[in-house]
Amino acid sequence: MEKREITGVQGQVNNIEVIFKEYYGSLCYFASQFLKNEEVIEDLVQDVFIALLEKKMLFQSEVHLKNFLYLSIRNSCLNYIRNTRSKDRYIASLAHEEQTEDFEESIILAEIHRELAAAVEKLPEECRKVFQLCYFQGLDNESAAQELGLSVNTVKAQKARGKKILRENLKDIFPLLMLLNPLF
């Protein structure tokens, strides 16, 4: 994560827009571990940012800010589940939740997702387009070549180039990416 000023003199968040842009996607992904309704997820994430803005909270470091954001989203999701389901269905969902990924693993996945998305956005334009079509939208080389007006060999070369750049830029989290996705 690049270093930038997010706190004021006493640790108060002073650039909510930067924080929103950086964490919105990963917080939505994290919330999707609890809920499946995309509109509700987006509303809950936006509510957390509104609370952050209105309360003018103080944080000692970016780690504390991250902890606040993820814990707030988890609590918002659990509150939503509790408020929208009957007691029995709520208890059943908690039991199911405990059997699935635990809280820390969900945060790790969300952070890896954020790092990967940021690294893909930094790829050269043509390489990024090919990479997004082939790996995120699931198109084969021929379909991606047709959509972009390129040859199949150019698509293959851009995919290889993108993988190489991402391996280099994500070397710190590369072992985790290998476990999660054999694409690399």
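Buried, as used in these legends, means under 20% relative accessible area, with exposed over 50% and partly exposed in between (1.4 Å probe, protein chains only). This is a predicted model, where local features need pLDDT of at least 70 and side-chain atom pairs count only at pLDDT 80 or more, while totals for chains, interfaces and linings use all residues. Residues are numbered from 1 along each chain as its sequence is written, and side-chain values use heavy atoms, with hydrogens and water left out.

**View 1. The whole chain has nine helices and zero strands.** Helices (H or I, at least four residues) and strands (E, at least two) are DSSP runs, numbered from the N terminus. Of the 184 residues in the protein chain, 36% are buried.

**View 2. Arg114 and Glu22 pair up in a salt bridge, 2.8 Å from N to O.** The term salt bridge covers a side-chain nitrogen of Lys or Arg within 4 Å of a carboxyl oxygen of Asp or Glu. Arg114 sits in helix H5 (residues 103–121) and Glu22 in helix H1, so this pair ties together parts that are 92 residues apart in sequence. Both Arg114 and Glu22 are buried. Zoom out a little and a network of salt bridges links Glu22, Lys66, Glu111, Arg114 and Glu115. The structure holds six salt bridges.

**View 3. Lys21 reaches Glu17 within helix H1 (residues 16–31).** Here a salt bridge joins the two, and the closest N and O atoms are 3.1 Å apart. Lys21 and Glu17 are four residues apart, about one turn of the helix. Lys21 is exposed at 63% relative accessible area, and Glu17 is partly exposed at 49%.

**View 4. Glu125 and Lys129 form a salt bridge in helix H6 (residues 125–136).** The N to O distance is 3.2 Å. Because they are four residues apart in H6, about one helical turn separates Glu125 from Lys129. Lys129 is partly exposed, with a relative accessible area of 39%.

**View 5. Helix H7 (residues 141–148) crosses helix H8 (residues 152–169) at roughly 105°.** Their axes, which are lines fitted to C-alpha atoms over the stretch in contact, with angles from 0 to 180 degrees between N-to-C directions, come within 8 Å. That makes H7 roughly perpendicular to H8, a label for angles of 65 to 115 degrees. Contact means heavy atoms within 4.5 Å, and Asn141, Glu142, Ala144 and Ala145 in H7 meet Val152, Val155, Lys156 and Lys159 in H8.

Definitions and conventions:
Parallel < 35°, antiparallel > 145°, perpendicular 65-115°, else oblique.
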